[in-house]
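This briefing reviews selected local features of a single protein model for computational work. The topics are burial, aromatic pairing, a buried acidic residue, backbone outliers and the principal pocket.

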Amino acid sequence: MKLANTRFTEMLIQANALDPQDFKCWDFCPGMLFGSMDKWWGDHGQRDFPHEGVDLCLYEDPHGQRLRLDAKTRIPVMADGVVRAMFKDYLGQAVIIEHDDFQGGEGGWLSVYAHTEPRKDLRCGTAVRAGDIIAAMADTRRSKAKILPHLHLSLGRPSPDLVYENFVWNIMRDSGRVVLMDPMEAIDGPWQVLAPEDRFCFREEEKT
């Protein structure tokens, strides 16, 4: 299954009253990408599991200045759907949205928004429309990992018999229950990968 452009980047820019002219592209340290085994925080060592999605945090303006999303950044849902689960993750809470197929004939899919603070009235069973604000990015700077606030975004195809009750991170890693997909195919914004030696995303945080 190949997902179509969801306008997610455009919706996030609008939701946070950012100037579209100030956004040139997303920036990713290698460890922020789908399937990476590298950490982009702490000791920059190896992850225990391949990365289940992408970490959205850094972006660049047309002048080459690297900027980042802050805690409390408002998170829009990328397509119409229904909230199926919410659970505590390592750095906040994760919200799982089930979507009907929007390309015809290939079944439903899931979007997962992790390390967030969900909207207070959000509940399992809540119907949402594309662009609705479902959460804000959690402030993770004082976490044990001392990692910058970021949105972890995962996409996947659920198995027909997937049960959402007691849904947790390990279920998302089980390919028999969820087949993960690379979110870069759907977030629509231009992007680039930073050189491994570029430590911008850590230097400022280490001083605080």
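A residue counts as buried when its relative accessible area is under 20%, as exposed when it is over 50%, and as partly exposed in between. The model is predicted, and local features are reported only where pLDDT is at least 70. By the burial cut-off, Tyr164 is buried, because its relative accessible area is 14%.

**Aromatic pairs**

- A search of the whole structure returns 8 aromatic pairs.
- Trp40 and Trp41 form an edge-to-face pair, because their ring planes stand at 85 degrees, with the ring centres 6.0 Å apart.
- Trp40 and Trp41 are both buried.
- Tyr164 and Phe167 form a stacked pair, with 6.1 Å from centre to centre and 25 degrees between the planes.
- Like Tyr164, which is buried at 14%, Phe167 is buried, with a relative accessible area of 3%.
- Tyr164 and Phe167 also belong to a cluster linked by ring pairs, together with Phe87, Tyr90 and Trp169.

**Helix H1 and its surroundings**

- Helix H1 spans residues 8-15, and 6 of its 8 residues are buried, so the helix is largely enclosed by the rest of the structure.
- The buried residues of H1 are Phe8, Thr9, Met11, Leu12, Ile13 and Ala15.
- What covers these buried residues includes strands S1 (25-28), S2 (54-56) and S5 (74-76).
- The cover also includes strands S8 (109-118), S10 (133-137) and S11 (151-158).

**Positive phi values beside H1**

- Arg7 is found in the segment before H1.
- Phi of Arg7 is positive, near 65 degrees, in a residue other than glycine.
- Arg7 counts as partly exposed, because its relative accessibility is 38%.
- Ala17 follows H1 and lies in the loop between H1 and S1.
- Phi of Ala17 is likewise positive for a residue other than glycine, near 55 degrees.
- Ala17 is exposed, with a relative accessible area of 71%.

**Asp55, a buried acidic residue**

- Asp55 is found in strand S2, one of the strands that cover the buried residues of H1.
- Asp55 counts as buried, because its relative accessibility is 2%.
- The side chain of Asp55 makes a polar contact of 2.7 Å with the side chain of Trp40.
- A polar contact of 3.3 Å joins the side chain of Asp55 to the side chain of His51.
- Leaving aside residues up to four places away in sequence, Asp55 touches Phe28, Met32, Trp40, Arg47, His150, Leu151 and His152.
- Trp40 thus appears in two settings: a polar contact with Asp55 and an edge-to-face ring pair with Trp41.

**Largest pocket**

- The largest pocket has a volume of about 470 Å³.
- Its lining comprises 20 residues, and those nearest the pocket centre are Trp41, Arg47, Tyr90, Leu91 and Arg173.
- The lining divides into 8 nonpolar, 5 polar and 7 charged residues.
- Several of the residues nearest the centre recur above: Trp41 pairs with Trp40, Tyr90 belongs to the aromatic cluster, and Arg47 is touched by Asp55.

Key: Residues are numbered from 1 along each chain as its sequence is written. This is a predicted model: local features need pLDDT of at least 70, side-chain atom pairs count only at pLDDT 80 or more; totals for chains, interfaces and linings use all residues. Side-chain values use heavy atoms; hydrogens and water are left out. On a 1 Å grid over the protein atoms alone, a cavity is a set of points where a 1.4 Å probe fits but cannot get out, and a pocket is an open set with protein on both sides within 12 Å along at least five of seven lines; lining residues have an atom within 4 Å of a point. Grid points are joined across faces, edges and corners, and a volume is the space filled by probe spheres set on the points. Ala, Val, Leu, Ile, Met, Phe, Trp, Tyr, Cys and Pro count as nonpolar, Asp, Glu, Lys and Arg as charged, and the others, Gly among them, as polar. Rings of Phe, Tyr and Trp (its six-membered ring) pair if their centres lie within 6.5 Å; planes under 30 degrees apart count as stacked, over 60 as edge-to-face and the rest as tilted. Buried means under 20% relative accessible area, exposed over 50%, partly exposed in between (1.4 Å probe, protein chains only). Helices (H or I, at least four residues) and strands (E, at least two) are DSSP runs, numbered from the N terminus. Contact means heavy atoms within 4.5 Å. A polar contact is a pair of N or O atoms within 3.5 Å; within protein, one must be able to donate a hydrogen and the other to accept it, and residues adjacent in sequence count only if both atoms are side-chain atoms.
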